[in-house]
Every structure is written in C-alpha cells, then in structure tokens.
Amino acid sequence: MKSAKTLMKKNLVKVSPEDPILEAYRLMYLKNIRHLPVFDGDTLVGMLSDRDIQRAMVVNKTDDLNLEVFLSSGRKVEEYMSWPIFTVMDAQPLGFIIEEMINRKISAVLVQNNSFEYVGIITTEDIM
C-alpha cells in the first residue's frame, strides 16, 4: 500500500507570519503552487492557500467593463492564513489521507517524519 512518503512533494516552500501577503502571492506564482506552510521559526503556525490570497484581494470597479484587483503591501500572511493544520506521518497510508482530506474539506496536508520534522506536503493535485 502506498504511503504519504511516496506521493509527497519534498521541497517545502515556506513563509513567515510576518511576511507581506503580496510577497507570499509572488512566491506562489513563481513556484506555481497553491499552498504555503507558515512557520514561525521551526514552529508550524498555519497554512496560506490560494483561497486565502483571494480573500486578501481588493477589487475596485474602474468603469462598467473593467476591474482593478490588488493586494495591499501592508497586509501580513498571519492575517489570512488558516489554522489548525492537519498533518500526517510519512508512513500513513494514502487511503487514510484521502479520506481525511475529503471529510475535513481540505486541499493539503503537511507530512512529518519519525523525528516530527516537516518533510513534505500532499495536495489534491498530487492525489489526482
């Protein structure tokens, strides 16, 4: 049976709660990812998703046909990140992970090894 270790992306791209939301968005765009774990030092404090970024967007109607969308550079990741974060161990069976993601209505889980270090992430795109 396949486990989290077989499917997870190993190179975690992380942000800090104090990082500007605009910089987090740029990182997501450049890395072509939809989820950023948020760490305060070595401590996991949240997850920022593309949906959280959408909540941070400000939309101004410029005329009947045009909209202007922007992210305030003064807003921080901590204002939009989600918590708590569901984590799994790297030996956890994929069937369990998929079931939990469906039941919890989440699109990403972080993966820990036996030393409880965060070593990867699994998203719905990985599963598909």
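This briefing describes the fold, the nonpolar cores, one helix and two individual residues of the structure above. The model is a predicted one, and the protein contains 5 helices and 7 strands. Starting at the N terminus, these elements follow the order α-α-β-β-α-β-β-β-α-β-β-α.

**Overall form and surface**

- Measured out along the principal axes, the box filled by the C-alpha atoms of the protein is roughly 55 × 30 × 25 Å.
- The protein has 128 residues, of which 35% are buried, and its accessible surface amounts to about 8,100 Å², with 50% of that surface belonging to carbon and sulfur atoms.
- When contacts between residues at least 6 apart in sequence are considered, 54% of them join residues at least 24 apart.
- The side chains include 15 positive and 18 negative ones, and 5 Å separates the centres of the two sets.

**Two nonpolar cores**

- The largest nonpolar core holds 13 residues, and within this core Ile 21 and Leu 48 are the residues that touch the most other members.
- At least two residues of this core come from each of α2 (21-31), β1 (35-40) and α3 (50-56), and α2 gives the most, with 4 residues.
- Setting aside residues up to four places away in sequence, Leu 48 touches a set of residues that includes Ile 21, Ala 24 and Met 28, as well as Leu 36, Val 38, Ile 53, Val 77 and Met 81; Arg 34, His 35 and Tyr 80 are also among the residues that Leu 48 touches.
- Another core, of 10 residues, lies apart from the largest one, and its members include Phe 86, Ile 97, Met 101 and Ile 122.

**Helix α4 and its cover**

- Helix α4 spans residues 94-104, and its buried residues are Leu 94, Ile 97, Glu 100 and Met 101.
- Viewed down the axis of α4, these buried residues fall within an arc of 125°, so they line one face of the helix.
- This spacing fits a general rule: an α-helix has 3.6 residues a turn, so residues three or four places apart point the same way.
- On the face of α4 turned away from the buried side, the exposed residues Ile 102 and Asn 103 are found.
- The buried residues of α4 are covered by elements that include α1 (4-7), β5 (87-89) and β6 (108-112), together with β7 (118-123) and α5 (124-127).
- After α4 comes Lys 105, which has a positive phi, near 55°.

**Val 119 in strand β7**

- Val 119 is a residue of strand β7, and with a relative accessible area of 21% Val 119 is partly exposed, because a residue counts as buried only under 20%.
- Not counting residues up to four places away in sequence, Val 119 touches Met 8, Lys 9, Lys 10 and Leu 12 on the one hand, and Val 111, Gln 112 and Asn 113 on the other.
- Val 119 and Phe 70, which are 49 residues apart in sequence, lie 33 Å apart in space from C-alpha to C-alpha.

**Ser 49 in strand β2**

- Ser 49 belongs to strand β2, which covers residues 43-49, and its relative accessibility of 13% means that Ser 49 counts as buried, since the cut-off is under 20%.
- Leaving out neighbours within four places in sequence, Ser 49 is in contact with Met 28, Arg 34 and His 35, and these three residues are also among those that Leu 48 touches.

Technical notes. Residues are numbered from 1 along each chain as its sequence is written. This is a predicted model: local features need pLDDT of at least 70, side-chain atom pairs count only at pLDDT 80 or more; totals for chains, interfaces and linings use all residues. Side-chain values use heavy atoms; hydrogens and water are left out. Buried means under 20% relative accessible area, exposed over 50%, partly exposed in between (1.4 Å probe, protein chains only). Contact means heavy atoms within 4.5 Å. Accessible areas come from the Shrake-Rupley method with a 1.4 Å probe; for residues, only the protein chains shown count as cover. Lys and Arg count as positive and Asp and Glu as negative; His and the chain ends are not counted. The place of a charge is taken as NZ of Lys, CZ of Arg, CG of Asp or CD of Glu. A nonpolar core is a set of buried Ala, Val, Leu, Ile, Met, Phe, Trp, Tyr and Cys residues joined through side-chain atoms within 4.5 Å. The arc is that of the directions from the helix axis to the C-beta atoms.
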